[in-house]
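Please look over the sequence and the model below before reading on. The paragraphs that follow lead from one part of the chain to another.

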Amino acid sequence: MNSEITLKTYNIFKRQLPEEIFKFIKKECNEHQKLEELKSGLSGTGVPKHYFLEKSKDLLQPFIFKLAKEYDLKNNYLRDNIKVLTNDAPWFLDKPWVNIQKPNQFIPIHNHDGIFSYVIWISIPYDVEKECVPPSKHASCFQFFYPSITGSFQAHTIRVSKADEGTILLFPSLLLHCVYPFYTVKEPRLSVSGNVLLKV
């Protein structure tokens with residue numbers, strides 16, 4: 001009998017933030033000059049500056065936890081991947097940060113700490129149709145990387161546009177990703193990132 005075998009992989013959740021949460025976070029992001037700067041292993045020339053969000057964590061946490069639990073139930077992600085603990089450990093949300101990405105800046109390939117990570121697009125100043133044209137077909141894009149069954153790397157590209165403002169992606173923290181530069185406008189692109197971790 002002819003058949004096919006489907007190999008297991010994990011999804012990326014894409015959801016719209018509730019309007020009241022989005023407005024609150026956007027307001028704090030727009031006041032980033034008052035916030036503490038985050039220095040990380042990615043900080044350096046050509047990379048956006050990052051600032052800790054002080055007020056948005058408490059508002060975000062219930063929404064993020066609900067989304068992460070939905071992800072875990074659907075994918076059995078923790079059961080299949082977290083095998084170092086002998087007892088259940090509570091989750092906690094680290095302090096989110098805003099990325100202030102100016103034209104020509106990029107975020108290199110990296111992953112995060114924790115079990116789940118997220119990105120929220122706050123402000124997209126450009127027209128994606130003017131950015132993603134040859135030879136710069138990846139300009140302004142967000143890209144995930146993952147190994148195929150043969151060991152080669154595959155990429156999933158997201159053409160981030162104004163329609164994505166207020167959208168959140170939730171994904172496993174170990175999933176590699178990067179953000180490409182944009183070129184056609186002077187205004188910065190604002191996004192928020194953060195992680196769900198285990199408290200042990």
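A residue is called buried when its relative accessible area is under 20%, exposed when that value is over 50%, and partly exposed in between. The model shown here is a predicted one, and C29 is a plain case of the first class, because its relative accessible area is 0%, which makes it buried.

Cysteines invite a further question: how many disulfides does a search of the whole structure find? The search, which covers the whole structure, finds zero. A disulfide is a covalent bond between the sulfur atoms of two cysteines. C132 shows how the cut-off works, since a pair of cysteine sulfur atoms has to lie within 2.5 Å to be counted as a disulfide. The cysteine sulfur closest to that of C132 belongs to C141, and because the two sulfurs are 3.6 Å apart, they are too far from each other for a bond. C132 is also buried, with a relative accessible area of 12%.

Two residues in strands show what surrounds a buried polar side chain. S117 lies in strand 7, which runs over residues 116-123, and its relative accessibility of 0% places S117 among the buried residues. The side chain of S117 makes a polar contact of 2.6 Å with the side chain of N195. Once residues up to four places away in sequence are set aside, S117 touches H112, L169, L170, F171, S173, G194 and N195, so that N195 appears both as a polar partner and in the list of residues touched.

Q143, for its part, belongs to strand 8, and at 4% relative accessibility Q143 counts as buried. The side chains of Q143 and T157 are joined by a polar contact of 2.6 Å. Again without residues up to four places away in sequence, the residues that Q143 touches are H138, A155, H156, T157, L176, H177, C178 and Y180.

Where do the backbone angles call for a closer look? N104 and S140 are two places to turn to, as phi of N104 is near 75°, a positive value in a residue other than glycine, and phi of S140 is likewise near 75° and positive, again in a residue other than glycine. N104 sits in the loop between strand 5 (97-101) and strand 6 (107-110), while S140 is found in the loop between helix 4 (128-131) and strand 8. Is each of these loop residues buried or exposed? N104 is exposed, with a relative accessible area of 53%, whereas S140 counts as buried at 0% relative accessibility.

Ahead of strand 1 (13-16) comes the segment that holds N11, a residue that is partly exposed, with a relative accessible area of 36%. Leaving aside the neighbours within four places in sequence, N11 is in contact with Y71, K74, N75 and P172. As for L78, this residue is 67 residues from N11 in sequence, and the two are 14 Å apart in space, C-alpha to C-alpha.

At the surface, I5, L7 and I149 make a nonpolar patch of about 390 Å². One of these residues, I149, lies in the loop between strand 8 (142-147) and strand 9 (153-158), and I149 is exposed, with a relative accessible area of 71%.

Charged side chains complete the tour, for the structure holds seven salt bridges. One of them is formed by the side chains of K39 and E37, with a distance of 3.4 Å from N to O; K39 counts as exposed at 63% relative accessibility, while E37, at 29%, counts as partly exposed. In another, D80 pairs with R79, and the closest N and O atoms are 3.4 Å apart. Here D80 is partly exposed, with a relative accessible area of 25%, and R79 counts as exposed at 59% relative accessibility.

A further salt bridge is formed by E129 with R159, where the closest N and O atoms are 3.5 Å apart. This pair links distant parts of the chain, since E129 is in helix 4 and R159 is in the loop between strand 9 and strand 10 (167-172), 30 residues apart. R159 is partly exposed, with a relative accessible area of 39%.

Note on methods:
Residues numbered from 1 in each chain as written. Predicted model: local features only at pLDDT ≥ 70, side-chain atom pairs only at ≥ 80, totals over all residues. Heavy atoms only, no water. Buried < 20%, exposed > 50% of the residue type's maximum accessible area, 1.4 Å probe, protein only. Patch = residues over 30% accessible without salt bridge, like charges linked within 9 Å, V, L, I, M, F, W, Y side chains within 5 Å. Areas by Shrake-Rupley, 256 points an atom, 1.4 Å probe, with all protein chains shown as cover. Salt bridge = Lys/Arg side-chain N within 4 Å of Asp/Glu carboxyl O. Helix = DSSP H or I, 4+ residues; strand = E, 2+ residues; numbered from the N terminus. Polar contact = N/O pair within 3.5 Å; in protein donor to acceptor, adjacent residues only side chain to side chain. Contact = heavy atoms within 4.5 Å.
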